[in-house]
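Reader: Hi! I've got a protein model open and I'm new to this. Could you walk me through a few parts of it?
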Amino acid sequence: MITLAIAGKPNCGKSTFFRAATLAQAEIANYPFTTIDANHGVAYVRTACPCQEMHVPCENCQDGVRFVPIGLIDVAGLVPEAHTGRGLGNQFLDNLRQADAILQVVDASGSTDAEGNPVDIGSRDPEKDIEFLQYEMSMWMYGILSRHWGKIHRQAQGKELLLLEAITEVFGGLGVTFENARDANEAAEINLLTAGEEDLVRFCKELMTISKPMLIVGNKADQAPEECLDRLRKLNIIIASAAGELALRMAAEGKFIRYLPGDRSFEVSPEAKLNAGQRAGLQRVADFMQTFGGTGVQQALDAAVYNLLDRIVVYPVEDEHKLTDGKGRVLPDAYLMKRGSTPRDLAFQVHTDIGEGFLYAIDAKTGMRVKDSLELKNGDIIKIVSVRK
C-alpha cells in the first residue's frame, strides 16, 4: 500500500488533516506536540470507477466515484534543528521512513511561530515554514551518511559505482534505490569520491527530494488573511481547510449533508435539523469551497498519489466479460500502479505466484489479448491468464 506522511511544525493542523482524511480519532489541541507518537490510518484517493463506462452494476463505488485505500501517517511536529535532537528529535524523522511521499502541512494563517506556539493571525510569514522541513530531512540524511562515510568510502576503493551501491545499502531502510542515488549524484553535480561535507549535504538534499517527494499544503487557509494567501498563491501548493473538511465528513456521516470527499460543493439534506450555528458554519465552509474549488484535503491526497508519485488505477478481473472475480463480485479490486507498468507487473502485484506463472493478458474493455510490454493506462480493466492461481 502506498503510504503518505503528514509532516510539519507543531500546531499547523496536521492532526486535523489526518482525522479529516481518515475519520480516525487523533488528539487535536492548540499547543505544540499534541501528537507524541505517530498516528497511522487509512485514507483514500479518488478516481472515476469504470463501472459506468462499462454499464455494469458495482457495489464498490458511490455514484461512479471510486475510493482507493492508501496509508497515512501523522508524524509529530518538527521544530527547526530537530535533526540535532531539538524538540522531539530524530525519532519523528524516523517515522518518515515508511512514507513514499510527504505532505508538508504549513499554517497558511500565519498564527503560529517557528516552534508552533500560537501568535496573532498573520504575524508569521507562512513561506518561512516551507523550507525548514526539507532542510531538516536533508540534514537528517546527512547525519546517517556521515556516520558510515569513512567505511563505505574505503570499501569503494575509488570506484564510484561501488560507492553508489554502498550508499544505497545505507539508505535501504528508507526505500532509496540505486537509481535514486545515481540521479541525486548527477543533480548535485559533485564528485562523490572527493566530496567534502558541503558536497555531501548537497547530495543528501537531492537524494531526499528524489526519494521522498514532497507536496506542500497550506492549511488553515479559511483563517488566513489575504496577504498570507497572496504569498502562497505564488507557490505550487494546495490551499486547504482541514477543519472544514472534517466538519463536512462528520456532517455527511450523520446524514446532515450529501457530500463525497473531493466534491467541490455539498447539499444540505432536506430532512436535516440544523441550528443557526451549524448552518452558519456550513455556509462558511461552502464559501471557502467556492473560492478554492473544495476544501483541499482530498485534492492534496490525490495530487500526491497521482501527480507526485505518478500512479494510475488498474482493475484486475477473472472474467473479462462480466468484469468479476472468482466469487462473482464486479470490479472488486483497484490497484495503484506506477505509470509505465505492464500487465506482467500487475500480475506480480496481485500475487507473486500469478506473476511467475504469467502467460498473457486480456484488455476487458476491448476483449483483445494484449502484449506483455503494453503500458497500462489509468482505468484499464485487465484479465491475467497464468498457469498459477
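Author: Happy to! Let's begin with a pair of helices: H4 and H7 are oblique to each other. Keep in mind that this is a predicted model.

Reader: What angle do H4 and H7 pack at, and how far apart are their axes?

Author: The angle is about 120 degrees, and the axes lie 8 Å apart. H4 covers residues 130–156, while H7 covers residues 197–211. An angle over 115 degrees but not over 145 counts as oblique, and that is why H4 and H7 get that label.

Reader: Is the crossing of H4 and H7 left-handed or right-handed?

Author: H4 and H7 make a right-handed crossing.

Reader: Cool. Which residues meet there?

Author: From H4, the residues in contact include Met-137, Met-141, Tyr-142, Leu-145 and Trp-149. On the H7 side, Leu-200, Val-201, Phe-203 and Met-208 are among them. Sorted by class, the contact between H4 and H7 has 12 nonpolar, four polar and two charged residues.

Reader: New topic! Is H11 largely enclosed or not?

Author: Largely enclosed by the rest of the structure, because nine of its 12 residues are buried. Among the buried ones in H11 are Val-297, Leu-301, Asp-302 and Tyr-306.

Reader: And how far does H11 reach from its first C-alpha to its last?

Author: H11, residues 297–308, reaches 15 Å, close to the 16 Å expected at 1.5 Å a residue. Just after H11 comes Asp-310, with a positive phi of about 55 degrees.

Reader: Which other residues have a positive phi?

Author: Asp-63 is one of them: its phi is about 55 degrees, although Asp-63 is not a glycine. Glu-189 is another non-glycine residue with a positive phi, near 55 degrees.

Reader: Where do Asp-63 and Glu-189 sit?

Author: In loops. Asp-63 is in the loop between helix H2 (51–54) and strand S3 (65–74), and Glu-189 is in the loop between helix H6 (178–188) and H7.

Reader: Do those two count as buried or exposed?

Author: Asp-63 counts as exposed because its relative accessibility is 71%. Glu-189 has 70% relative accessibility, so Glu-189 counts as exposed too.

Reader: Last one: what about Thr-3, buried or exposed?

Author: Buried, because Thr-3 has a relative accessibility of 14%, and the cut-off for buried is under 20%. Thr-3 belongs to strand S1, residues 3–7.

Reader: And what does Thr-3 touch?

Author: Leaving out residues up to four places away in sequence, Thr-3 touches Gly-71, Ile-73, Gln-98, Ala-99, Asp-100 and Ala-101.

Definitions and conventions
Residues are numbered from 1 along each chain as its sequence is written. This is a predicted model: local features need pLDDT of at least 70, side-chain atom pairs count only at pLDDT 80 or more; totals for chains, interfaces and linings use all residues. Side-chain values use heavy atoms; hydrogens and water are left out. Axes are lines fitted to C-alpha atoms, for helices over the stretch in contact, and angles run from 0 to 180 degrees between N-to-C directions. Helices (H or I, at least four residues) and strands (E, at least two) are DSSP runs, numbered from the N terminus. Angles under 35 degrees count as roughly parallel, over 145 as roughly antiparallel, 65 to 115 as roughly perpendicular and the rest as oblique. A crossing is left-handed if the near helix is turned anticlockwise from the far one by less than a right angle, and right-handed if clockwise. Contact means heavy atoms within 4.5 Å. Ala, Val, Leu, Ile, Met, Phe, Trp, Tyr, Cys and Pro count as nonpolar, Asp, Glu, Lys and Arg as charged, and the others, Gly among them, as polar. The expected span of a helix is 1.5 Å times one less than its number of residues. Buried means under 20% relative accessible area, exposed over 50%, partly exposed in between (1.4 Å probe, protein chains only).
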